[in-house]
Amino acid sequence: AQVVDLKGKKVSDLELAADVFAIEPNVGVLHSALIRQLANARRGSANTKTRSEVRGGGRKPWRQKGTGRARAGSIRSPLWAGGGVTFGPKPRDYSIAMPKKQRVLALKSALAAQSENIVVVQDFDKFTEAKTKQFAQVLKDLNKKKKKVLVILDYACDACKRVERAARNIDGVVVIRASNLNVKDL
């Protein structure tokens, strides 16, 4: 991968690790990891009341026979207005488990699939103030203005905080830490 400065000029080349970036991406494991990540993000807190949970409806509304109307046992039947919901959602856990080796393989596959698009930017520590206009100019200089851009920052340093604040208001730009790298963002 090429290492560039903030103006987009090539500074040097960087050798990427072959055990990560030179592998054949495993599409099946990538798909499983993406489905897992999306499922684990679901809250599963939707809830409706069944006929037993709706308030009221303890008394039989009218006698069983002799009225000419259909038999009814409760005014909270799902057939009645104000009654319970028949098969509505209940709180549940959508999370999916995945072995750690498969998660690592999925991350490596995602990195390998994007290896030709990786650009290492040097000198982000020259960001003196968190200005969106300044970061937009950096993207323009790197010819990444009209694309979706994933900015991966190293660790919590002062320059990283400024870059994160400067980039968070630009459309199509996602800023994450290296420790939070995930399949969906890649």
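This is a short talk about a small sheet, three salt bridges and one buried serine in a predicted model.

Okay, hi everyone. Keep in mind that what you see above is a predicted model.

Let's start with the sheet. It is open, it has three strands, and their order is 2-1-3 with mixed pairing. If that word "pairing" is new to you: strands of a sheet pair through backbone hydrogen bonds, either parallel or antiparallel. So which strands stand at the edges here? Strand 2, residues 10-13, and strand 3, residues 119-121. Each of them has a single partner strand, so one side of each has no neighbour in the sheet. On average, neighbouring strands in this sheet are turned by 30° against each other, if you ignore direction.

Now look at strand 1, which is residues 2-4. Strand 1 pairs with strand 3 in the parallel sense, over three bridges. If you want to find one of those on screen, go to Q2: its bridge partner in strand 3 is V119.

Next, salt bridges. How many are there? The count comes to three.

One of them joins the side chains of D13 and K10, at 3.2 Å from N to O. D13 counts as exposed, at 57% relative accessibility, and K10 is exposed too, at 52%.

Another one is K90 with E53, at 2.7 Å, N to O. Both K90 and E53 lie in the loop between helix 2 and helix 3, so the pair ties together parts that are 37 residues apart in sequence. K90 is partly exposed, with a relative accessible area of 32%, and E53 is partly exposed at 40%.

Then there's R177 with E164, at 2.9 Å, N to O. R177 lies in strand 5, residues 173-177, and E164 in helix 5, residues 158-167, so this pair ties together parts 13 residues apart in sequence. Is R177 buried or exposed? R177 is buried, with a relative accessible area of 17%, because the cut-off for buried is under 20%. E164, on the other hand, is partly exposed at 30%.

Last stop: S77. You'll find S77 in the loop between helix 2, residues 27-40, and helix 3, residues 100-113. Even though S77 sits in a loop, S77 is buried, with a relative accessible area of 11%. And what does S77 contact, leaving aside its neighbours within four places in sequence? R51, G83 and G84.

That's my tour, thanks!

Note on methods. Residues numbered from 1 in each chain as written. Predicted model: local features only at pLDDT ≥ 70, side-chain atom pairs only at ≥ 80, totals over all residues. Heavy atoms only, no water. Helix = DSSP H or I, 4+ residues; strand = E, 2+ residues; numbered from the N terminus. Buried < 20%, exposed > 50% of the residue type's maximum accessible area, 1.4 Å probe, protein only. Contact = heavy atoms within 4.5 Å. Pairing = 2+ DSSP bridges. Axes fitted to C-alpha atoms, helices over the stretch in contact; angles between N-to-C directions. Salt bridge = Lys/Arg side-chain N within 4 Å of Asp/Glu carboxyl O.
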